[in-house]
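Please read the following account with the model open beside it, moving between the sequence and the coordinates as each part is named.

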Amino acid sequence: MPFKDILLNDGRKIPAIGFGSWKIPKDVCAGQVGQAIDVGFDHLDTAQVYRNDEEVGQALKESGLSRKDIWITTKWSGVDDKDPKTSCEESLKKLGIEYIDLYLIHHPRLCKGDIEGTWKKMEELKKSGFVKSIGVSNFTKEDLQELLSSASIKPVVNQILLHPYVIKSTTPLLQYMSSQHIVPEGYSTLIPLTSKPGGPVDKPVEKIAKRLNVKPEQVLLAWSKAKDAVIVTTSSRKERLEGYLDVGDIVLTKDDVKAIDDAGAKGELWEGRKQRLAVGAKYVAAAGLLGYLLYTRL
């Protein structure tokens with residue numbers, strides 16, 4: 001059973017898994033995006049700041065697909081202080097397409113304290129037909145509340161960091177988004193494997209993977225799917241991409257999800273303690289140095 005599309009609050013449907021072009025070098029980007037399209041990805045996620053729009057557009061053109069057969073998400077990243085409209089027009093030209101399926105504010109700090117005014121510009125882009133749907137990225141609950149207080153068009157998604165080691169602090173945001181019918185898009189879900197191996201999440205993930213006869217990375221993506229999130233992921237390896245698409249067939253139980261959540265919360269608590277200890281050690285070291293300097297002047 002393949003991934004099912006997810007219904008957005010504007011009535012459109014978004015493919016539930018997307019291939020992201022973040023950190024892909026320009027010289028290999030077209031090839032990697034083309035490979036993703038070949039294995040079955042029909043959702044491409046990029047951004048102005050990634051500076052590889054042309055290569056994504058090249059892969060799209062070479063695929064021979066009709067425009068309606070692939071979903072394009074890109075983001076206004078405030079590059080060179082260009083406004084959303086100018087940036088959108090440049091992205092359309094570089095991608096070689098006539099409209100963008102989903103256009104996001106990449107980060108609330110780009111609004112420079114004026115979320116309301118910035119969102120109005122995004123609404124104007126949707127009304128003009130340049131983009132079909134609009135949303136945000138990296139917005140907190142408070143950012144969303146500020147936006148919604150004056151918005152005439154709701155953001156359809158909020159693309160956020162989503163992995164087990166942030167789930168405890170992120171859950172209130174996810175709950176608020178659900179109440180507002182704003183879909184989460186999760187990136188960097190594989191961090192427990194790629195950046196933080198050996199942590200508490202490893203044990204339940206490996207246990208579930210063994211029981212289901214799947215790979216640990218597939219379990220983590222299935223966990224993200226269980227959070228009703230659109231998955232944004234990437235790989236240069238064809239077999240990994242095929243495995244990611246197979247996650248559409250993987251269903252975790254509520255107990256599976258809870259086990260990963262609980263392990264993630266333990267890891268998040270430990271990370272917080274390590275950070276506090278690191279900060280404390282810096283203060284102790286600085287105080288010691290200051291004491292030494294004062295002593296040597298006596």
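The buried residues of helix α10 are covered by several elements, among them β3, α1 (26-39), α9 (216-226) and β10. In this predicted model, the helix itself spans residues 238-245, and its buried members are Leu241, Gly243, Tyr244 and Leu245. Since residues three or four places apart in an α-helix point the same way, because there are 3.6 residues a turn, a reader may wish to look along the helix axis while considering that list.

Two of the covering elements, β3 and β10, lead directly to the central sheet. A closed barrel of 8 strands runs in the order β3-β4-β5-β6-β7-β8-β9-β10, with parallel pairing. From one strand to the next, the twist averages 30°. Where β3 (residues 17-20) meets β10 (residues 230-233), the two strands run parallel and are joined by 3 bridges; within this pairing, isoleucine 17 has isoleucine 231 of β10 as its bridge partner. Helix α4 (residues 115-128) packs on the sheet, where it touches β5 (71-76), β6 (100-105) and β7 (131-137), and its direction makes about 155° with that of β7.

The loops that connect these elements deserve separate attention, beginning with the one between β4 (43-45) and α2 (53-63), which holds asparagine 52. With a relative accessible area of 0%, asparagine 52 is buried, because that value falls under the 20% cut-off. Apart from its neighbours within four places in sequence, asparagine 52 is in contact with Ser21, Ile24, Lys26, Cys29 and Thr46. For one of these residues, isoleucine 24, the backbone oxygen lies 3.3 Å from a polar atom of the asparagine 52 side chain. Tryptophan 22 and asparagine 52 are 30 residues apart in sequence, while their C-alpha atoms are 8.8 Å apart in space.

A second loop, between β6 and α4, contains histidine 106, and this residue is listed by UniProt, in an unreviewed entry, under "binding site". Is histidine 106 buried or exposed? Its relative accessible area is 14%, so histidine 106 counts as buried, the cut-off being under 20%. When residues up to four places away in sequence are not counted, histidine 106 touches Ala47, Val49, Tyr50, Lys75, Trp76, Ser77, Ser137 and Asn138.

Two aspartates present another situation. Aspartate 80 lies in the loop between β5 and α3 (84-95), and aspartate 228 is found in the loop between α9 and β10. The phi angle of aspartate 80 is near 55°, a positive value in a residue other than glycine, and that of aspartate 228, likewise positive in a residue other than glycine, is near 65°. Aspartate 80 has a relative accessible area of 57%, and is therefore exposed, the threshold being over 50%; aspartate 228 is also exposed, with a relative accessible area of 57%.

Finally, the protein may be considered as a whole. Its secondary structure comes to 11 helices and 10 strands, and 49% of its 298 residues count as buried. Among contacts with a separation of 6 or more, residues 24 or more positions apart account for 75%. The accessible surface comes to about 15,300 Å², and 54% of this area belongs to carbon and sulfur atoms.

Note on methods. Residues numbered from 1 in each chain as written. Predicted model: local features only at pLDDT ≥ 70, side-chain atom pairs only at ≥ 80, totals over all residues. Heavy atoms only, no water. Helix = DSSP H or I, 4+ residues; strand = E, 2+ residues; numbered from the N terminus. Buried < 20%, exposed > 50% of the residue type's maximum accessible area, 1.4 Å probe, protein only. Contact = heavy atoms within 4.5 Å. Polar contact = N/O pair within 3.5 Å; in protein donor to acceptor, adjacent residues only side chain to side chain. Pairing = 2+ DSSP bridges. Axes fitted to C-alpha atoms, helices over the stretch in contact; angles between N-to-C directions. UniProt positions renumbered as here; feature names shortened; annotations may be inferred. Areas by Shrake-Rupley, 256 points an atom, 1.4 Å probe, with all protein chains shown as cover.
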